[in-house]
Amino acid sequence: MHRLCRKKPRRKKPRRKNKRSIVELTRAQRALLKSLYTRHGRKKSARCVCEGLRAVGELFAARPDLVEFTVCTGECAGKLQIPGDCFIVSPETFSELAGTVNAQGILCVARIPEEPAPDTPCRDRFILALDRIGDPGNFGTICRTARAAGLTELWFTRGSVDPYGDKAVRAALGAQFSMKLRSFIDLETLRRSAAAIGFGPVYLTDPHQGESCFAAAGLYERTVVVIGCESTGVGDLDGAPRVMIPMPGKFESLNAAQAATIFLFEYVRRQESAERTT
């Protein structure tokens with residue numbers, strides 16, 4: 001009789017989703033991370049912090065080349081495909097490193113994207129510009145909304161918040177990393193730069209005067225639409241036409257992010273209407 005030998009089935013090794021360096025953060029890395037919660041630290045190192053699952057996920061998808069290293073808890077380690085080095089820390093250690101009270105368990109240090117050269121063409125139908133938007137929540141929300149409306153660029157003037165500050169990045173859910181951001185000293189400089197690449201006129205939004213944004217015929221045809229902060233409004237710009245959001249309730253003004261959303265999705269409405277008629 002022949003003896004039947006049963007072979008033991010081979011156990012499949014679990015596939016590792018991410019290649020990680022599971023080591024402690026160095027003192028220098030901790031110091032760098034802490035400094036990036038300040039504007040001076042970001043400017044000095046040309047790096048920023050991106051925190052939260054959705055914001056980090058957007059960064060990983062759009063610009064994985066910018067990622068220097070990631071810090072996360074063991075619970076979050078398998079939720080995203082993490083590029084480069086990942087440092088696994090305890091929830092207590094993560095709370096010490098994070099910039100939020102209710103941290104989501106993942107953050108990364110990334111290089112700040114280089115700003116496009118002044119003569120770089122813009123492929124959007126119109127340019128949305130922000131004038132001295134100092135609130136990171138408003139700036140980030142507008143950035144996120146512009147991305148959702150299909151824009152690839154966002155322009156802003158000096159006096160606006162740092163778009164790569166941790167609060168602005170969280171508010172935008174990382175949309176900054178999938179758009180091109182351009183900064184300018186003032187509105188006049190912005191207008192000249194826009195004209196140099198074929199955009200004009202520059203429309204200034206106003207809560208009380210100007211043509212209705214729902215009626216202005218050429219509002220989104222190679223133009224610039226400027227949103228100002230709620231407290232002081234848009235700065236002066238000689239000869240620039242004004243455009244407004246009709247408010248039958250006669251209220252003083254809208255929040256900057258709310259106003260930007262109306263202008264952006266009026267643009268989307270017109271685009272879809274034009275596509276239906278062609």
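These are my notebook entries on the cysteines and salt bridges of a predicted model.

**Cysteines.** I looked for disulfides and found that the structure holds zero. I then checked Cys 108, which is in no disulfide, the nearest cysteine sulfur being that of Cys 50 at 4.8 Å; since a disulfide calls for sulfur atoms within 2.5 Å, I leave Cys 108 listed as unpaired. Cys 213 is likewise in no disulfide, and the nearest cysteine sulfur, which belongs to Cys 229, is 19 Å away. I also looked up accessibility, and noted that Cys 108 is buried with a relative accessible area of 0%, while Cys 213 is buried with a value of 0%.

**Salt bridges.** My search returned 15 salt bridges in the structure. I looked at Asp 162 and Arg 42, whose closest N and O atoms are 2.6 Å apart. Asp 162 lies in the loop between strand S6 (153-157) and helix H6 (166-172), whereas Arg 42 lies in helix H2 (residues 39-45), so this salt bridge ties together parts that are 120 residues apart in sequence. I recorded both Asp 162 and Arg 42 as buried.

Next I turned to Arg 269 and Glu 266, which form a salt bridge with their closest N and O atoms 2.8 Å apart. They are three residues apart in helix H8 (residues 256-277), and therefore separated by about one helical turn. Arg 269 is partly exposed at 42% relative accessibility, but Glu 266 is buried at 3%.

For Asp 236 and Arg 242, I noted a salt bridge with the closest N and O atoms 3.9 Å apart. Asp 236 is exposed at 69% relative accessibility, and Arg 242 is partly exposed at 25%.

Finally, I noted a network of salt bridges that links Arg 47, Glu 68 and Arg 111.

Note on methods: Residues numbered from 1 in each chain as written. Predicted model: local features only at pLDDT ≥ 70, side-chain atom pairs only at ≥ 80, totals over all residues. Heavy atoms only, no water. Buried < 20%, exposed > 50% of the residue type's maximum accessible area, 1.4 Å probe, protein only. Salt bridge = Lys/Arg side-chain N within 4 Å of Asp/Glu carboxyl O. Helix = DSSP H or I, 4+ residues; strand = E, 2+ residues; numbered from the N terminus.
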